[in-house]
Amino acid sequence: MECSNLLETLRQNTNLGHKQKNMSFLRQVELHTKSPGTSIPKAAGKSKDVIPFADAISMYRFANNEEITLAGLRESRAKTVLSSVPAGSSITLIHDVTLLD
């Protein structure tokens with residue numbers, strides 16, 4: 001799925017209880033897709049290939065917002081993934097329970 005299609009599908013499947021929360025979540029996903037595999041501090045550097053510092057602060061504020069529930073984020077993710085699977089198809093879910101050091 002292309003990034004623009006992913007964001008549109010996610011937009012349709014996100015309901016965190018308030019329009020501003022939804023918009024903030026979608027903004028965070030968009031920012032992360034522009035710097036995949038990069039840490040937030042590194043992404044907030046000054047080169048043309050990274051996000052502005054204000055966007056990094058925005059990511060931290062979103063992550064620390066107690067009004068954004070993990071259940072709500074998981075529901076958005078599940079609906080988005082399931083909407084990309086054709087009806088009647090089988091899917092395999094793999095869950096890695098490895099603990100990080």
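**Figure 1. Helix α5, residues 70–83, in close-up.** Helix α5 has 14 residues and reaches 20 Å from its first C-alpha to its last, close to the 20 Å expected at 1.5 Å a residue. Please keep in mind as you look through these views that this is a predicted model. Three residues of α5 are buried here: G72, S76 and T80. They cover an arc of only 70 degrees around the axis, which puts them on the same side of α5. Turn to the face directed away from that buried side and you meet the exposed residues L70, A71, R77 and L82.

**Figure 2. The salt bridge between K79 and E75 in helix α5.** The closest N and O atoms of K79 and E75 are 2.9 Å apart. Both residues lie in α5, four residues apart, about one turn of the helix. An α-helix has 3.6 residues a turn, so residues three or four places apart point the same way. How accessible are K79 and E75? K79 counts as partly exposed at 38% relative accessibility, and E75 is also partly exposed, with a relative accessible area of 41%.

**Figure 3. The largest pocket and its lining.** About 170 Å³ of space lies in this pocket. If you would like to find the lining in the model, look for L6, L10, F25, V29, L73, R77, T80 and V81. Helices α1 (3–13), α2 (19–34) and α5 each supply at least two residues of the lining. Which helix gives the most to the lining? That is α5, with four residues. Sorted by class, the lining has six nonpolar residues, one polar and one charged. Two of the lining residues, R77 and T80, also appear in the first view: T80 is buried in α5, whereas R77 is among the exposed residues on the face turned away from the buried side.

**Figure 4. The two sides of helix α4, residues 53–63.** Here the buried residues are D55, A56, M59 and F62. Seen down the axis of α4, these buried residues fall within an arc of 120 degrees, so they line one face of the helix. On the other side of α4, F53, A54 and R61 are exposed.

**Figure 5. The salt bridge between E8 and R11 in helix α1.** The side chains of E8 and R11 meet here, with a distance of 3.1 Å from N to O. The two are three residues apart in α1 and are therefore separated by about one helical turn. E8 is partly exposed, with a relative accessible area of 35%. R11 is partly exposed too, and its relative accessible area is 45%.

**Figure 6. The salt bridge between E67 and K21.** In this pair the closest N and O atoms are 3.4 Å apart. E67 lies in the loop between α4 and α5 and K21 in helix α2, so the pair ties together parts that are 46 residues apart in sequence. Are the two partners buried or exposed? E67 counts as exposed at 52% relative accessibility, while K21 counts as buried at 18%. The cut-offs here are under 20% for buried and over 50% for exposed. The surroundings of E67 also include L16: the C-alpha atoms of E67 and L16 are separated by 8.8 Å, and the two residues are 51 residues apart along the chain.

**Figure 7. T9 of helix α1 beside K79.** T9 sits in helix α1 and is buried, with a relative accessible area of 15%. Its partner in this view, K79, lies in helix α5 and is partly exposed. T9 and K79 are 70 residues apart in sequence, and their C-alpha atoms are 8.9 Å apart in space.

**Figure 8. An overview to place the close-ups: the protein with its five helices.** The protein has five helices and zero strands, and from the N terminus on its elements run α-α-α-α-α. Of its 101 residues, 26% count as buried. The structure holds three salt bridges: E8 with R11, E67 with K21, and K79 with E75.

Notes:
Residues numbered from 1 in each chain as written. Predicted model: local features only at pLDDT ≥ 70, side-chain atom pairs only at ≥ 80, totals over all residues. Heavy atoms only, no water. Expected span 1.5 Å × (residues − 1). Buried < 20%, exposed > 50% of the residue type's maximum accessible area, 1.4 Å probe, protein only. Arc of directions from axis to C-beta. 1 Å grid on protein atoms, 1.4 Å probe; cavity = no way out; pocket = protein on both sides within 12 Å on 5 of 7 lines; lining within 4 Å. Points joined across faces, edges and corners; volume = space filled by probe spheres on them. Nonpolar A, V, L, I, M, F, W, Y, C, P; charged D, E, K, R; others polar. Salt bridge = Lys/Arg side-chain N within 4 Å of Asp/Glu carboxyl O.
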